[in-house]
Amino acid sequence: MGFTSEIHDYQLLSKIATNDKHGENSPYFDGWKAYDRDPFHPTKNPDGVIQMGLAENQLSFDLIEDWIMENPKASICTPEGVNQFKHIANFQDYHGLPEFTKGVANFMSKVRGGRVKFDPDRILMSGGATGANELIMFCLADPGDAFLVPSPYYPAFVRDLCWRTGIQIIPVHCDSSNNFKITREALEEAYQKAQEDNINVKGLIITNPSNPLGTTLDRETLKSAVSFINEKNIHLVCDEIYAATVFNSPGYVSVSEILQDIESINLDLIHVIYSLSKDMGLPGFRVGIVYSYNEEVVHCGRKMSSFGLVSSQTQHLLGAMLNDDEFVDGFLKESSRRLGKRHSVFTKGLEKEGISCLPSNAGLFVWMNLRKLLKEQTFEGEMMLWRDIINEVKLNVSPGSSFDCKEPGWFRVCFANMDDETVEVALRRIRAFVGKETTPSSSPKKPVKLKRWNSNLRLSLSSSRRFDETVLSPHNMMSPHSPLVQAT
Amino acid sequence: MKLLSTKATCNSHGQDSSYFLGWQEYEKNPYDQVMNPEGIIQMGLAENQLSFDLLESWLDKNPDVGGFKSAGKSIFRELALFQDYHGLPAFKNALVDFMAEIRGNTVTFDPDHIVLTAGSTSANETLIFCLAEQGDAFLIPTPYYPAFDRDLKWRTGVEIVPIPCNSSNNFQITESALQQACEEAKKRNLRVKGVLVTNPSNPLGTTLSRDELNLLIDFINEKNIHLISDEIYSGTVFSSPYFISVMEILKQRNYHKDSHPDVWDRVHVVYSLSKDLGLPGFRVGAIYSENDTVTAAATKMSSFGLISSQTQYLLSALLGDKKFTKKYISKNKKRLKRRQSLLVSGLQKAGINCLQSNAGLFCWVDMRHLLQTDTFEAEMELWKKIVYEVRLNISPGSSFHCSEPGWFRVCFANLSQDTLNLAIKRLRSFVAESFPAAAHHHQSRESSKTRSLSKWVFGLSSRVREQEER
């Protein structure tokens, strides 16, 4: 051959492909392994590990399923709906199906009690909230820029906001002294420090309702955040994917509602992230939404949405569903009621054992306070307690350190991804554990040697699960008998 | 301080190119047989609309799928929750079988090496994110799909360097063209990380020859770089020479994974159901690679664009029906072949020739003889006439980075036969009125590999060609 052979000593792959900024090597992930090895099943494996690390809303499927049965036209596969098949299968316009964007705008408005209206033309699609968060970062920041993120925060923000975008997270630490509220002082401090370190802060991202706290931002905090970013001329991204999981007072105040309350806000700085994964319990359908008040962002973001459009089949189905006002009103009310009930059962059960949680009014989880069970008030102590909870109590819960919490002893515990019976089992086990831990007569436990989890362990495909969110319910659909494993 | 990111405010998404502008004109005045018979006919859209009836009749016979049921049992809940980035096993199994079937089962694919993505748009971008970064480049033969500028470069920061092909040898990839690309990369201070080819080619509608594939494998081996083979049109090959996948060449050379792990680490295939099955709305793309690090990284990245679980489920049932896929592949090809013939012969009667093609949803049409001058300005002038006067949205070669002016991509599978005939009629009238001499001159020409016209055109190539500005 006539080519000069060149010896390259550069990497065959990109840095992004080979670094671990995807965040999946964190010890947080190890909780899954225990669950994967020994998953709870009420009859087949009643002593197995109960999955409480999964922020899924499994309480209201029946409502959606009923609607789908009653509305066969919304599916392009049914005899009633197949006449739309060709049009829908062919539709890849990144503006989205008009009935879909209209439906989403309608739903978002109803979630906020009709107090705000959303413009369907500002709705951009993306591959779930995961895709939405990455997309907005690509639009707002350059590699090396930073976003302020109040901690504790969703662990996968590291992947979603930073991995391929090259931006960095600057945590704004909140603590229990004031119930983890975001203070103006904390924001200013984080911002100033970044300035001193010569880091270019492009914005602030807040999750409201909060994951992992399960709390909604009060009006004053929200207004303070908006005036902060307005003053610094930086962006505000509001991740509102848990908006419809609010089940108690204080009611929900979204950023869109307070925009009219504040003098001279630069609307070009305000962006909302939404999804149907939590509010409707449909993570499999990959519906992520970016809603921006900035025309240029809408324009550019729309082009970027090509990388993660929502399947037209799904747009068509949800377009019909979300424009059905009667269904939406009924769903939001009932879903909220069920979440509230489940939250109450769970927190009251914990209270009986002397375990308190951060008072919360939203979300699919509680922020549990186990500080008094720590052998030492350190993160090592937290890890030790966590391993005990997984190995002895057989509950997979998420340690606060994985959310970058600055105080050890807090755990996020999900309650909406299981049935009532399993909740009872979990509470019984907690009861037994706490009883053992706090009984004075029990012999002092030998200090548990901190196991070194092999962070280089590459999960085999058979046991690996998607970071933070996984398909497995206690009723394992991946059993060989699952109709989804074999096509025919 | 700049409010938005550099990516948001630059235009490397390439969507200001003429390729997209033509669409905009169409949007303003779209043809409709009844409502707007004088409107612009869309021939710039590489869609396969010929075989929906086959899909619809399958759905009629398989009602369970629509009701989120499998064997009568409801699986709604499971699908609603399913977001495992490893993908639905049933779907992956069915997909790799389908991919093998398209290749006449000469090669097989391992479902554990498939990564599912939201369309090939996402597959291509994800693969580039895994293989390259700022300061790197991928070599791509011209003419190429315009949206590669967005898909491969925009958010990744990676550059594209063209491998210039031309009509002297039917746009085949040559050694000297590859060499030329390497030199340009060097001049631009870019590190070449790989080559990306589309096979079958968009916009040419041709499959890569065995020689070209062997040339490419030798090239990437010498340079120790990657080869991405975008095979999204592999199911549209309707006549000989038949489709040869790059995988087949590796197999033929006895490059087993154990004996030659190195080359298997650097060859990757991109697939999609948007063209072969005509389902662009469903956003079904896939990356196939035997490089475990690549599939591991790409799988994590696919989080940013997973395929909707309900769509995976529908397709697992559809593609799992082997009787159906066999029938579909065969009928679809026949229909594409018929359509292509219709267009080719229709154009011939207007004195217009096409590059001889055996695949794709379009023809690569030679209108060089209709240009006022052998320049891209003249191509634009001709294009505008065709859009506004003839009222056909076709795509000018310059938007595909073609190095020779006068070529146009014309799609034939996204419109009805009647509409296609009307389009041909309009073009024939246009040529007869505007270029009576040219129409007559070409009437008796046969489509053949060597054409004296192309020799004449290349006699002109000693003149300085306009550099296409991008």
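Helices (H or I, at least four residues) and strands (E, at least two) are DSSP runs, numbered from the N terminus. Keep that handy, and keep in mind that this is a predicted model.

**Exercise 1. Look up the coiled-coil annotation on chain A and find what share of that stretch is helix and what share is strand.**

Step 1: get the range. UniProt, in an unreviewed entry, lists residues 177-204 of chain A as "coiled-coil region".

Step 2: run the secondary structure over that range. Residues 177-204 of chain A come out as 46% helix and 14% strand.

Step 3: check the ends. The end C-alpha atoms of this stretch are 22 Å apart.

**Exercise 2. Split chain A into its domains and describe the interface between them.**

Step 1: take the assignment. Domain 1 of chain A covers 2-62 + 334-486, and domain 2 covers 74-327.

Step 2: count contacts. On the domain 1 side 38 residues take part, meeting 37 residues of domain 2 of chain A.

Step 3: compute the area. The two domains of chain A bury about 3,200 Å² between them, with 59% of it on carbon and sulfur atoms. In domain 1 of chain A, the residues that lose the most area to domain 2 are A:Leu358, A:Asn361 and A:Phe403, together 19% of what that side buries.

Step 4: sort the polar interactions. You'll find 0 salt bridges between these domains of chain A, but 17 residue pairs in polar contact, both residues at pLDDT 80 or more.

Step 5: map the domain 1 side onto secondary structure. In chain A, α13 (325-352), β10 (365-369) and β13 (410-414) each supply at least two residues of the side that touches domain 2. The top contributor is α13(A), with 5 residues. By class, that side of domain 1 of chain A has 17 nonpolar, 11 polar and 10 charged residues.

**Exercise 3. Do the domain analysis for chain B: which residues of domain 1 supply 21% of the area it buries against domain 2?**

Step 1: set the bounds. Chain B is divided into domain 1 (6-52 + 332-442) and domain 2 (64-325). Taken over C-alpha atoms, the centres of these two domains of chain B are separated by 27 Å.

Step 2: count and measure up the contact. It takes 34 residues from domain 1 of chain B and 35 residues from domain 2 of chain B. Between them, the domains of chain B bury about 3,100 Å², 60% of it on carbon and sulfur atoms.

Step 3: rank the contributors. The trio is B:Leu355, B:Asn358 and B:His401, which supply more than any other three residues of domain 1 of chain B.

Step 4: check the polar side. The rule finds 0 salt bridges across this interface of chain B, and 18 residue pairs in polar contact, both at pLDDT 80 or more.

Step 5: assign elements. For domain 1 of chain B, α14 (322-349), β12 (362-366) and β15 (407-411) each give at least two residues to the side that touches domain 2. The largest share there, 5 residues, comes from α14(B). Sorted by class, the residues on that side of domain 1 of chain B are 15 nonpolar, 13 polar and 6 charged.

**Exercise 4. Now go between chains: how many residues of chain A and chain B are in contact, and how much area is buried?**

Step 1: count. Chain A puts in 97 residues, in contact with 98 residues of chain B.

Step 2: get the area. Chain A and chain B bury about 8,900 Å² between them, 61% of it on carbon and sulfur atoms.

Step 3: look for charge pairs. There are 2 salt bridges across this interface. In the pair A:Glu134 and B:Arg155, the closest N and O atoms are 4.0 Å apart.

Step 4: add the polar contacts. Chain A and chain B share 24 residue pairs in polar contact, both at pLDDT 80 or more.

Step 5: see where chain A's side comes from. Elements that each supply at least two residues include α1 (15-18), α3 (61-70), α6 (128-140) and β5 (201-207) of chain A. The largest share, 6 residues, comes from α6(A). The side of chain A that touches chain B has 46 nonpolar, 32 polar and 19 charged residues.

**Exercise 5. Find the salt-bridge partner of A:Asp38 and place both residues.**

Step 1: search everything. The whole structure has 39 salt bridges over all chains.

Step 2: pick out the pair. A:Asp38 forms a salt bridge with A:Lys394, with the closest N and O atoms 3.1 Å apart.

Step 3: locate both. A:Asp38 lies in the loop between α2 (30-37) and β1 (50-51) of chain A, while A:Lys394 lies in the loop between α14 (379-393) and β11 (395-396) of chain A. The pair is 356 residues apart and links distant parts of the chain.

Note on methods
Residues are numbered from 1 along each chain as its sequence is written. Chains are lettered from A and ligands numbered from 1 in the order in which they are written. This is a predicted model: local features need pLDDT of at least 70, side-chain atom pairs count only at pLDDT 80 or more; totals for chains, interfaces and linings use all residues. Side-chain values use heavy atoms; hydrogens and water are left out. Domain bounds come from an automatic or database domain assignment. Contact means heavy atoms within 4.5 Å. Buried area is the accessible area (1.4 Å probe) that two parts lose on being put together, summed over both. A salt bridge is a side-chain nitrogen of Lys or Arg within 4 Å of a carboxyl oxygen of Asp or Glu. A polar contact is a pair of N or O atoms within 3.5 Å; within protein, one must be able to donate a hydrogen and the other to accept it, and residues adjacent in sequence count only if both atoms are side-chain atoms. Ala, Val, Leu, Ile, Met, Phe, Trp, Tyr, Cys and Pro count as nonpolar, Asp, Glu, Lys and Arg as charged, and the others, Gly among them, as polar. UniProt positions are given in the numbering used here, feature names are shortened, and annotations may be inferred rather than shown by experiment.
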